[in-house]
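Work through the exercises below with the sequence and the structure side by side. Each task is followed by a solution that goes step by step.

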Amino acid sequence: MQETRQNRIARLLQKELASIFQTQTRMMHGVLISVTRVKISPDLSICTAYLSIFPSEKGEELLKNINANEKTVRYELGQRVHNQLRIIPELRFFIDDSLDYLDRIDELLKK
């Protein structure tokens, strides 16, 4: 039962975080941030979000910027989900480099 609730809340947070990043990166031409996976702790206090950033060269810079503005992102997330969640979880962001890893494997297989 608890796992079902965690999954439902993780999907909600993933959808809302993706929407927040989409509106914020609309001003930055040529940059795309997608939320690939969200995990939430069993007590719903910590949300770990994995971000896929295109172009990947700007990934570290954008991740530092996102972590610096984590409170703003959390506030905006709270404004969007305040009817569904009583407590807005603490946000942690990481780069999801699985696509780069797949590209590297493809390159090695072609050689």
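## Exercise 1: The overall layout

Task: Find how many helices and strands the protein chain has, and in which pattern they follow one another.

Solution: The protein chain holds 4 helices and 3 strands. This is a predicted model, and reading along its sequence gives the pattern α-β-β-α-α-β-α. As a next step, consider the extent of the chain, whose C-alpha atoms fill a box of roughly 50 × 35 × 20 Å along the principal axes. Finally, of the 111 residues in the protein chain, 36% count as buried.

## Exercise 2: How the strands pair

Task: Determine which strands are joined to S2 by bridges, and whether each pair runs parallel or antiparallel.

Solution: Begin with strand S1, residues 32-40, which is joined to S2 by 8 bridges, the two running antiparallel. Within this pair, Val 38 is found opposite Ala 49 of S2. The connection between them can be followed next, for S1 and S2 make up a hairpin with 5 residues between them, and Leu 44 in the turn has a positive phi of about 60°. Then turn to strand S3, residues 90-95, which runs parallel to S2 and is joined to it by 6 bridges. Here Thr 48 has Arg 92 in S3 as its bridge partner.

## Exercise 3: The setting of S2

Task: Explain why strand S2 is described as largely enclosed by the rest of the structure.

Solution: The strand spans residues 46-54, and a residue counts as buried when its relative accessible area is under 20%. Of the 9 residues in S2, 7 are buried, and therefore the strand is largely enclosed by the rest of the structure.

## Exercise 4: Two charged patches

Task: Identify which residues form the positive and the negative surface patch, and decide whether Arg 86 and Asp 97 are buried, partly exposed or exposed.

Solution: Take the positive patch to start with, which is formed on the surface by Arg 5, Arg 8, Arg 11 and Arg 86. Of these residues, Arg 86 is located in the loop between helix H3 (70-81) and S3. Its relative accessible area is 81%, and the cut-off for exposed is over 50%, so Arg 86 is exposed.

The patch of negative charge on the surface gathers Glu 57, Asp 97, Asp 100, Asp 103 and Asp 106. One of them, Asp 97, sits in the loop between S3 and helix H4 (98-110). With a relative accessibility of 48%, Asp 97 falls between the cut-offs of 20% and 50%, and so counts as partly exposed.

Notes: Residues numbered from 1 in each chain as written. Predicted model: local features only at pLDDT ≥ 70, side-chain atom pairs only at ≥ 80, totals over all residues. Heavy atoms only, no water. Buried < 20%, exposed > 50% of the residue type's maximum accessible area, 1.4 Å probe, protein only. Pairing = 2+ DSSP bridges. Patch = residues over 30% accessible without salt bridge, like charges linked within 9 Å, V, L, I, M, F, W, Y side chains within 5 Å. Areas by Shrake-Rupley, 256 points an atom, 1.4 Å probe, with all protein chains shown as cover. Salt bridge = Lys/Arg side-chain N within 4 Å of Asp/Glu carboxyl O. Lys, Arg positive; Asp, Glu negative; His and termini not counted. Charge placed at Lys NZ, Arg CZ, Asp CG, Glu CD.
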